[in-house]
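User: Hi, I have a structure open and I'd like some help reading it. Can we go through it together?
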Number of protein chains: 2
Amino acid sequence: MADVAAAAGVSAMTVSRALRRPDTVSEEVRARVEEASRRLGFVPSRVASALASARTMTVAVLIPSLTNAVFIDLLAGVQETLTPQGYQPLVGITGYGPEAEERVLRTQLAHDPDGVILSGLHHTPGTWDLLRSLTIPVVHTMDLSVEGDLMAEGAQDDCPVQTVGFSQFDAGYAVGAHLAARGRRRIGLIAGQLDPRTRQRCDGWRQALRDAGRHDPALELMVPDATSVALGAELLERALATHPDTDALFLCNDDLAQGALFQCARLGIPVPERLAIAGFNDLAGAAWTVPPLTTVATPRRAIGVEAARLLIAGMENRTPQSRENPRRVDLGFRLMVRETT
Amino acid sequence: MADVAAAAGVSAMTVSRALRRPDTVSEEVRARVEEASRRLGFVPSRVASALASARTMTVAVLIPSLTNAVFIDLLAGVQETLTPQGYQPLVGITGYGPEAEERVLRTQLAHDPDGVILSGLHHTPGTWDLLRSLTIPVVHTMDLSVEGDLMAEGAQDDCPVQTVGFSQFDAGYAVGAHLAARGRRRIGLIAGQLDPRTRQRCDGWRQALRDAGRHDPALELMVPDATSVALGAELLERALATHPDTDALFLCNDDLAQGALFQCARLGIPVPERLAIAGFNDLAGAAWTVPPLTTVATPRRAIGVEAARLLIAGMENRTPQSRENPRRVDLGFRLMVRETT
DNA sequence: GCCTCGTTTGTTAGCGGTAACATCCTCATC
DNA sequence: GATGAGGATGTTACCGCTAACAAACGAGGC
C-alpha cells in the first residue's frame, strides 16, 4: 500500500480511502490511486484490514452435513447472497451432533466472523452461552422458534433469537392429512436421520393421523441411520414384512421415498393403487420418478438467502437488530401432490 | 493474551508459545497458562496470528457449482482432511466459467490463503499468470495433466502443476468399449454441461466407438444446459425421435441417465433389451434404480482427500514440492456394470 | 478581507499476535 | 569451580492496514 501511495503521490491512508470508499476522496486522487493500484497489481490484505478495522468480512455458516442436499441448497442460498456483498462464508460441518456443533462453532469464532448462521435451534447449553456472549448477529435456520421449545433448550429471554425457516410440524401434518384425505386407512411412517427437524415432521404427521382417528404406532419405523436411497429400499421391505396391510407410507425424506419407490417397482407393488407413497423436500428428480413422487417442497435456498440478508442487515447495523427486524421469518412449504398418492 | 499472561505470571510471548507449541515451554508454565487461558475464556485471534506469522491457516477451494454432487463430494473430502489439521476451507463458486474462476480466485487471494485447490486444468491465461506468481502451493483436481493440453491452456514449464484426478478420456473410452462389447451397434451419446471434463469423456467414448468401427456422429446429442433428471428425460425422447434405431446410450452424467431411465419406463421401452443405458459418476442411488444403472464410479471424495493431503504437505514444506511429491496422482475409476447394459 | 464551515488529505497510534534475537538459568564436563 | 551448551523465558519490533484526530485548503457569508 505504501508503494501505491508513493506511486500515486499520496499517503497510505488516502490509498485506503480511495479504494474502500471512493466517494470520500477527490475525483482526481481516486483516478491516480486506481491507476497506480492496478499498475502495481495491488491486492489489499484482508487480514490486515480485519485486524485494524475489527471486521473480517467473513460469516460462519454451520450445517450438519455436506452430503444432504437440503443443506447444500441452504448453503448455496447463503453463498450467493453473501458473496456479492463482499462477505466470505466459512463453512463448518457439525455432523448432526450438538456437541460437535459447539466445538466447530468455537473454532470458527477464532476467525472472528462478523456473523453466524446456524442450522436448527437445538444447541447445547454451552452453545447458547457462547451465542449469548457474542456481539455479532446470529441467525438460526430451517426451523422456527417456538416459545416453550426454546426455553427447554437453554435459550433465555435475554437471548433474542432470529430464525428463518418453516414449520416442520405443520409440513408433517400436511402430509398426514393428505394421506388420510386420500382415504388411506393403514398409514405408516418411515424415518431415518432422526434429527430434531425430522422428529418434528413425524410429530406433525402423527397429530394429523390422530386427528383423523387413524394413528397406529405400530406402523412407525424410525431408525437413526443417515437417509439414502438404499435405506429407503431396505426399510420399505421391512415395513411391509411386518405390516403387509399398510396402504400408505410417509417417508421423511425424498431419498428414502425414491428408494421405496424403486423397491416397489422391483417387488411389483403397484403405486399408488396398493400403496401410496409420500416423500419430503422435493429434491431434484422427485417430479420425474415413475410415478412422479408426492412430496413437500421446502424453501431451502430461499431460507439461505433470507438468513444471509437478515445477517447482513444486522452486520451493517442498518436496523436496530430487534425492532424492525423480524425475529421469525416463516417461508412456508408447499405440498406437491403428484401421482404416488 | 496480555491478561492471560498476567494471570499466569508470564510474558505474552510465553502464552503464545504455551498454546501453540506446548513442547517448547516448561511443564509447569504450560499448566499455569492453560489454566489461566481456560479460566479467562481466552480465544487467540487467528486474524492477528495470521498477520504476524504470515500464515492464515485457510485454503481457497474453488469449485464450479454447489448443485453438482460431484464437486460436493470433492469438497467433503477436502473439508474432512483440512479441518483436523486446523485449516479452514474458503469455498469459492466459479459457475463453470474460467473468467469467473479468475475473478473468484482474485478475491480469495485477498484473504491470503496458505494454499489453493482448483477444479480442472482449464483456466484463463490471467489465472495461469496469477498462479505462477503465487508462492503458495496449488493443486488442480478432477483432471490429469497432459503435456500438450497444458501448453495450449497457457501453463508453461516454469509453472509445475500438481494434479489429482483420473483420466476422463479413459473413463469415457471404457464406457464406449463396454457398450460395443455388449454387441450394441447403434450407440448414441447424450451430454449436457459441456465443461472440459465432459468433453474429454465424450472424446474417449468417441474413440472407443471408432476403434470398434461403430461411430456415427449423428447419434451424438450435446447440449450446453446444466444436467438434471428432467433434462435426461427430455433428451432421451429427443434422441429416440430422431434416431429410433438407437440401441445403446451413454449419458454423460448419472442424473441424465436416471432421467432417461425414468422416461424409458414411462414410454414402455425395455431396458436393457431394447435400449442399453450407461451413466457416469455412480451418484447415490444409481445402484437402486430399476433396473440398476451401469455407470462409472469416480473417486471424487478420494480426490478431495488426496488433494488436501498434497496441499498440506506443500504448505508445511515437508517435501521440496517437486522431488518426492508426485506431480500427478491418478486415482483411477471403476466401470460399474449393472443391469441397464 | 476575515472568519467559519465543510471537504480533502495527512499523521499517529494502534489492532493482537509472533519472529527474531537477547537474556537468563541449569547442568554436564573438565 | 569455571565453562559452555542448550533449554526456557523475555524484549523488541514489527505484520499491513484503518480509526481517530489534526491540518490544510477552498468557498461562502458578513
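User: Which helices each supply at least two residues of the surface near DNA strand D?
Analyst: This is a predicted model. In chain A they are α2 (12-20) and α4 (46-53). In chain B they are α2 (12-20) and α4 (46-53).
User: Which one gives the largest share?
Analyst: That is α4(A), with 4 residues.
User: How many residues surround DNA strand D, and which are the closest?
Analyst: There are 22. The closest are S16(A), R20(A), T14(B), R17(B) and V29(B).
User: What classes do they fall into?
Analyst: The surface near DNA strand D has 12 nonpolar, 8 polar and 2 charged residues.
User: What does R20(A) reach on DNA strand D?
Analyst: A phosphate oxygen. A polar side-chain atom of R20(A) lies 3.2 Å from that oxygen.
User: And what about R17(B)?
Analyst: R17(B) has a polar side-chain atom 2.8 Å from a base nitrogen of the strand. L51(B) uses its backbone instead: an N or O atom there lies 3.5 Å from a base oxygen.
User: How much of the DNA strand D within 4 Å of the protein is sugar or phosphate?
Analyst: Of those strand atoms, 66% belong to sugar or phosphate. The rest belong to bases.
User: New topic. Where is Q193(B)?
Analyst: In chain B, in the loop between β6 (187-191) and α10 (196-211).
User: Is Q193(B) buried or exposed?
Analyst: Buried, because its relative accessible area is 12%, under the 20% cut-off.
User: Which residues does Q193(B) touch?
Analyst: Leaving out residues up to four places away in sequence, Q193(B) touches Y96(B), T198(B), V223(B), P224(B), D225(B), A226(B) and T227(B).

Notes: Residues are numbered from 1 along each chain as its sequence is written. Chains are lettered from A and ligands numbered from 1 in the order in which they are written. This is a predicted model: local features need pLDDT of at least 70, side-chain atom pairs count only at pLDDT 80 or more; totals for chains, interfaces and linings use all residues. Side-chain values use heavy atoms; hydrogens and water are left out. Buried means under 20% relative accessible area, exposed over 50%, partly exposed in between (1.4 Å probe, protein chains only). Contact means heavy atoms within 4.5 Å. A residue is near a molecule or strand if one of its heavy atoms lies within 4 Å of it. A polar contact is a pair of N or O atoms within 3.5 Å; within protein, one must be able to donate a hydrogen and the other to accept it, and residues adjacent in sequence count only if both atoms are side-chain atoms. Ala, Val, Leu, Ile, Met, Phe, Trp, Tyr, Cys and Pro count as nonpolar, Asp, Glu, Lys and Arg as charged, and the others, Gly among them, as polar.
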